[in-house]
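I wanted to look up how the two chains meet and how some of the helices pack within each chain. My entries follow in the order in which I looked.

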Amino acid sequence: MKSNRPSWKPDGLLIYAAMYLTFIYLPVLFLPLFSFNSSTYITFPLKDFTLKWYDKMINSPDMHQALFNSIKVGMVVAILSTIFGLLAAKAVTRYRLKGRGPLVSFIMIPLVIPEIILAISLLILISQAEIPLSLWTVGFSHLLLCIPFSMLILISRMEGFDKSLEEAAMDLGENAWMTFWRVTFPIVLPGIVASLLLTFTISFDEFVLAFFLSSTDPTLPIYIWSSLRFPTKIPAILALGASIFVVSFFVVSFAEWLRRRGVKLEPTSGI
Amino acid sequence: MTSNSHVSTLPGSFIFRLRRLYIKSESLRGYSLLSPTLLAMLVGLAMPLIVLLTLSFWIQEYLDFIRTFSLKNYLDFFQKPIYTKILFKSIRMSGMVTIVTVLLAYPMAYYIAFRVKHNKLIWLILITVPFWTSYLLRVFAWKIMLGYNGVINSGLKTLGILSEPLEFLLYNPAAVVITLAHAWAAFAILPIYVSLEKIDRSLLEASRDLGENTFMTFMRVTLPLSLPGVIAASLLVFIPTVGDYVTPSLVGGPRGIMIGNIIQSMFGKAQNWPLGAAISVMSMLTVTLMVCLFLWGTHNFRKRVA
Amino acid sequence: MNQLQEYDMSQDAIISFHDVSKSFGDVKAINGANFEIQRGEFFALLGPSGCGKTTLLRMVAGFEIPDSGEISIDNQPMSGTPPNLRPVNMVFQNYAIFPHMDVRGNIAFGMRKSGLSKTELHRRIDETLELIKLQGYGKRRADELSGGQRQRVALARALIKQPKVLLLDEPLGALDKKLREQMQIELRQLQQQVGITFLFVTHDQEEALTLSDRIAVMTEGHVMEIASPAQLYENPSSRFVADFIGSMNFFPGEVTKSENGKLSISTDSMGEIDIPASNSEYADRSPVWVAIRPEKLKPVFTAPGDLSNVMQGVMGPSAYLGDRSHFYVHLSKREEPVLVALQNLERSIDQLRGPNQKVWLKWSTDALVVLPRD
């Protein structure tokens, strides 16, 4: 849509957008800023530049353990929720199910419940069933949270993808599993990758459910939470936050680069 | 799919009939595909919520529960003024957060949808990048911004603008609102953006052609058509905010407590799980009621505008 | 000559439907279908949208399961057999070309379990590419092909498996007119070359008439009539079929006398007519339609001497269609105008006689069709 304003006049919306972006970025940029500050206290004026907090972070076995736990849980949750989401997406988009509407709404419930209520409900159930709290209980709760996201992504990917391609594969002699493997899976792959990334991120960063449902093995957010109480530990945490940010930036860029490379490759004859 | 196998094919046999039913009924096949997911969700959602409801009718005695039906928790909830007071305060604050977040997010979404010609994706990524830091750290970032010795105060002091730090910045409801408006920004921008993107541009041109200026075109065409996105954004912000306890405990102080903090303490220090369950049930009911009212209100608004 | 298997055009049935019915919820999509398709036929399922023709096709393929009744292919009952194990292959309406494989990959897709060596498989693919006239297109992807090319790839993919029956779902619907006409010819040639049974679904009657050996006309889940194109056009057995195929003028009448070999019918517009009838299944006084095709009415613009088998009327609106012209004639005693089609045999650019011109329509008795009226 053409803008009717003369080109030299500043666009009010652009100014707003710039201010809004500043609003979003500024607090977040202070984190890495103070992670290089040699003072233990987060306050101006800045003292000397230092890397000692990064050093402290790297040499903290507790932090390593928590990081490792989060990665473990995140990967398992990502894979499982994507599988469950894929099955559900296929069932919902390819079969005429009776009661499909209420069913999908039911599966979406974790998205509309405040997390704390989900957390305590699970806590009650698990303790009544006398199951001990552990990373497994955390993982299960993350699974519940992530399945709706995975399902949403994969449903949209599968709806945009022609049903008759799968029928053609079956018509040409493939059973259900080979149809999935040779036709559905390759086409839905970008959705699967998106689901894996999203669910991993959700699980990795998730705090409330982990807080209520873990015991002695902390996940990374729990580790961060407990460290925030101690002012001396804080700069190392800021270093951690900055590092996670940089790493995820590289991971996402790498995934995007891979994706673009994959698209340019010659399509295979597959024989 | 099914193999013509060693399963009994005697016409009368039960398995034969079952197999025929399975092949014939598309519904049945679809549900069996869905069953692992469904099972997980039933165990993880339906059962806990039922258990939550049940627990709210029990009573805590020292370390155990009295498993008989009792309305004591609900009576406590209504009679002790603190619970209802804080619940309503939480609803009000969440409402504030929702309004502020959506109001701030809308122009940003509008800018990307309508003013950006190339590289819309870059802008969207730019918006989401700050949210790759941990939620806890984002909340904490505001704590260090607003604190007594925090960034704003010490910065202004260093610049010589202030001699004494401002005390009112932190540990109050306003701090909670600002922090959450920042934390949820991306969640609000994206649905509104999607909704704005979908609007057929020729509708706007038609409105101009029929005599409306830019502002009225926005009010009469763009805004109503973007309403689904606004509703989605509002719900995405409001519902989780009601139960949040992390932000109030980091930046809210005693004045900024929300119902989430109370529920958390019931399962933590205060050790009264049934009462916590009852408060949770009441909170959920209230939130559902608010959401229904909201949806009903917007539905009426849409009808009147249309 | 290529090695695709060729069948004799023998007379045994290749597909048979026994009392096949299917409902979707409350809607009865197929209502007791009961007929056979012969080996080597080019057979069409023709009908308006929603008549059930696509459902019937999908039931042969195995994508829908009949609620009752049995479908047999080459004398083998198919219930319980999933689509991937049936000896039929389908060309889908939108061709369903796999986007993540090139043309060769698409054609070879169904041959994974064929046990052919790689060289043999490649040879077969080359052969098939030649058959569909797409040599050299092997490495192309789906989005680099035109609609017509994609259709040929879909055909090749199915034919390379040498199915007993090839199923086609509205094969030419997405093509423009010229391409469609060309593909019609090619499909016919292909079928004769390959020699297998083709079963296709269409709502376009011109297409059905052009391509098929026999047509099953369907409406609302019922098979109304099955016959050759000529038979359906010149000798339909019901009003629905007569009306659906081409255009038809219907005149209501009543049987006055029915005796060996001859039916006497009284009508308003055509007067008393005597028609030789092969089977006089009409009782006296039974209501009938007397029907005549527009091209079988001969218009003259001066009063004819012999007034038998003549209707008089007045010209209505007309349309010039290039090779022929259509016009409507208003008759007294009849509300609906009669449609007349005239071949433009002379190269005259003059307009047809204008409206309100008097016109006399002549017909011959053997051009009339008698149909039951209820």
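**Notebook: chain contact and helix packing**

I began with the contact between the chains, to which chain B gives 66 residues and chain A gives 63 residues. I keep in mind throughout that this is a predicted model. On the side of chain B that touches chain A, I listed the elements that give two or more residues, among them α2 (26-55), α4 (81-115), α10 (201-209) and α14 (273-305) of chain B. The largest share of that side comes from α2(B), with 19 residues. Sorting the residues of this side of chain B by character, I noted 44 nonpolar, 17 polar and 5 charged.

Next I turned to a helix pair within chain B, where α9 (residues 185-197) and α11 (residues 214-242) pack at an angle of about 165 degrees, with their axes 7 Å apart. Since angles over 145 degrees count as roughly antiparallel, I therefore entered α9(B) and α11(B) as roughly antiparallel to each other. Their crossing is right-handed. In the contact I found F187(B), P191(B) and L196(B) among the residues of α9(B), and P228(B), V230(B) and L236(B) among those of α11(B). The residues of this contact divide into 12 nonpolar, 3 polar and no charged.

Last, I looked up a pair in chain A: α3 (residues 61-94) and α7 (residues 135-159) pack at an angle of about 40 degrees, with their axes 6 Å apart, and are therefore oblique to each other. The crossing of α3(A) and α7(A) is right-handed, and I recorded 18 nonpolar, 8 polar and 2 charged residues in their contact.

Definitions and conventions. Residues numbered from 1 in each chain as written. Chains lettered and ligands numbered in written order. Predicted model: local features only at pLDDT ≥ 70, side-chain atom pairs only at ≥ 80, totals over all residues. Axes fitted to C-alpha atoms, helices over the stretch in contact; angles between N-to-C directions. Helix = DSSP H or I, 4+ residues; strand = E, 2+ residues; numbered from the N terminus. Parallel < 35°, antiparallel > 145°, perpendicular 65-115°, else oblique. Left-handed = near helix turned anticlockwise from the far one by under 90°. Nonpolar A, V, L, I, M, F, W, Y, C, P; charged D, E, K, R; others polar. Contact = placed C-beta atoms within 7 Å.
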